[in-house]
Amino acid sequence: MSALVAAEVISVLGTRMTYLALPWFVLVTTGSPGKMSLVLAAEIAPMAILGIPSGTLVQRLGARNMMLVADFARAPILASIPLLHALDALSFPLLLAIVALLGCFMAPYWASQRTILPELVGEDERLMSQGNSLIEGGSGFAALAGPAIAGVLIPVIGASNVLYVDAATYLVAFVLVLALVPRRKPLGGRPQSDVLAGVRFLLADRFLGPVSAIVVAMGFLGAGLSAGLPVYAFDQFDGSSRIAGLFYAALGAGAIVGSLLAVVAVKRIAP
């Protein structure tokens, strides 16, 4: 479990650094909040479109294998952005295509984060809740540290070079999972050929259906907030990446507090 949490923290650290470094890179190179919003949309769109089919893919490959594929693939994809920019070969349409390709690996990775827990700890609800809280706590720490680190590094080495650092974190996470997270037989039965089977299951469940609706609403509002924060810092605080990093770090601090409370709560309250 500790190796999995460490890999999650490092992988999410890279993702959270990208949350600031990528839009800042677009703002600095284009000066256009509109183009920055298009880049963020290009990254999010594949997650929305491929979110449902990715569950079937994870079930076929296994959560551990999917995490390995996602981290190994995202490293060169992300590194190609500053590399092509340095070669003066990065057009805006090409940037949108690269970011969309990067987003294609997000949904199966996040699905694997949850699927791998029962593979490692079994199906005990309390153990799964505690394991999930540890992962969420680690992710919260990464959400706190990642943007803050990116905000400090951007004035020193530039947003494009921070993207290289982000890409390296995916490779480190890949090595940790490959070397230290044990291979387990995937749980569950035969993979469903119908990609909408999971949607029908959620809609039919009186508890999971409303929870899913809440998650969708939170995701919609969170995406708008993520797009607005760097632009606000860029316009209102003299282009300070440190201020933008602090905004994201504050969100991460709240996530850490919530995760710590959840670790205690699941021991006393039924999940």
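**A colleague's note on a helical model**

1. Let us begin with helix α9, where Gly209, Ala227, Leu229, Pro230, Val231 and Ala233 are buried. Please keep in mind that this is a predicted model. The buried residues of α9 have cover that includes α1, α2 (33-61), α8 (197-204) and α10 (241-265). Two of the buried residues named above, Pro230 and Ala233, will come up again under Trp24, which touches both of them.

2. How far apart should the ends of α9 be? Helix α9 covers residues 208-236, and at 1.5 Å a residue its 29 residues should span 42 Å. The end C-alpha atoms of α9 are 41 Å apart, so the helix agrees with that expectation. You can check this by eye, by following α9 from one end to the other in the structure above.

3. What comes after α9? The helix is followed by Asp238, whose phi is positive, near 55°. Asp238 lies in the loop between α9 and α10. With a relative accessibility of 78%, Asp238 counts as exposed, because the cut-off for exposed is over 50%. Most residues other than glycine have a negative phi. Asp238, a residue other than glycine, has a positive one.

4. Asp88 deserves a look beside it. Its phi is likewise near 55°, a positive value in a residue other than glycine. Asp88 sits in the loop between α3 and α4 (92-104). Is Asp88 buried or exposed? At 73% relative accessibility, Asp88 counts as exposed.

5. Now for the interior. Nonpolar side chains tend to be buried together in soluble globular proteins. The largest nonpolar core in this model has 62 residues, and among them Trp24 and Ile81 touch the most other members. Which helix gives the most to this core? Helix α1 (residues 2-30) does, with 15 residues.

6. Trp24 is a good place to centre your view. Leaving out residues up to four places away in sequence, Trp24 touches Ile154, Ala159, Pro230, Ala233, Phe234, Gly239, Ser240, Ser241 and Ala244. One of these, Phe234, falls within the residue range of α9, 208-236.

7. Helix α1 also holds Thr18. Thr18 counts as buried because its relative accessibility is 3%, and buried means under 20%. Beyond residues up to four places away in sequence, the residues that Thr18 touches include Leu78, Leu163, Asp166 and Tyr170.

8. Where is the salt bridge? The count comes to 1, and the side chains that meet in it are those of Arg74 and Asp71, at 2.8 Å from N to O. The two are 3 residues apart in helix α3, which means that about one helical turn separates them. Both ends are out of reach of the surface by the accessibility rule: Arg74 counts as buried at 0% relative accessibility, and Asp71 counts as buried at 1%.

9. Two further residues of helix α3 are worth finding. Arg64 lies in this helix, and a relative accessible area of 8% makes Arg64 buried. Away from its sequence neighbours, Arg64 touches Ile116, Glu119, Val177, Leu178, Val181, Pro182 and Arg183. Leu68 is placed in α3 too, and Leu68 is buried, with a relative accessible area of 10%. Setting aside neighbours within four places in sequence, Leu68 is in contact with Phe174, Val177 and Leu178. Val177 and Leu178 therefore appear in the contacts of both Arg64 and Leu68.

10. Helix α3 (residues 63-86) has another side to show through Leu83, which is placed there. Is Leu83 buried or partly exposed? Leu83 has a relative accessible area of 44%, so it is partly exposed. Together with Leu87 and Tyr164, Leu83 makes a nonpolar surface patch of about 300 Å².

11. Finally, turn to Val266, found in the segment after α10. At 13% relative accessibility, Val266 counts as buried. What does Val266 contact, leaving aside neighbours within four places in sequence? The answer is Arg126, Ser129 and Gln130. Val266 and Ser129 are 137 residues apart in sequence, yet their C-alpha atoms are 6.6 Å apart in space. For another pair, Leu68 and Arg16 are 52 residues apart in sequence and 19 Å apart in space, C-alpha to C-alpha.

Note on methods:
Residues numbered from 1 in each chain as written. Predicted model: local features only at pLDDT ≥ 70, side-chain atom pairs only at ≥ 80, totals over all residues. Heavy atoms only, no water. Core = buried A, V, L, I, M, F, W, Y, C linked by side-chain atoms within 4.5 Å. Buried < 20%, exposed > 50% of the residue type's maximum accessible area, 1.4 Å probe, protein only. Helix = DSSP H or I, 4+ residues; strand = E, 2+ residues; numbered from the N terminus. Contact = heavy atoms within 4.5 Å. Expected span 1.5 Å × (residues − 1). Patch = residues over 30% accessible without salt bridge, like charges linked within 9 Å, V, L, I, M, F, W, Y side chains within 5 Å. Areas by Shrake-Rupley, 256 points an atom, 1.4 Å probe, with all protein chains shown as cover. Salt bridge = Lys/Arg side-chain N within 4 Å of Asp/Glu carboxyl O.
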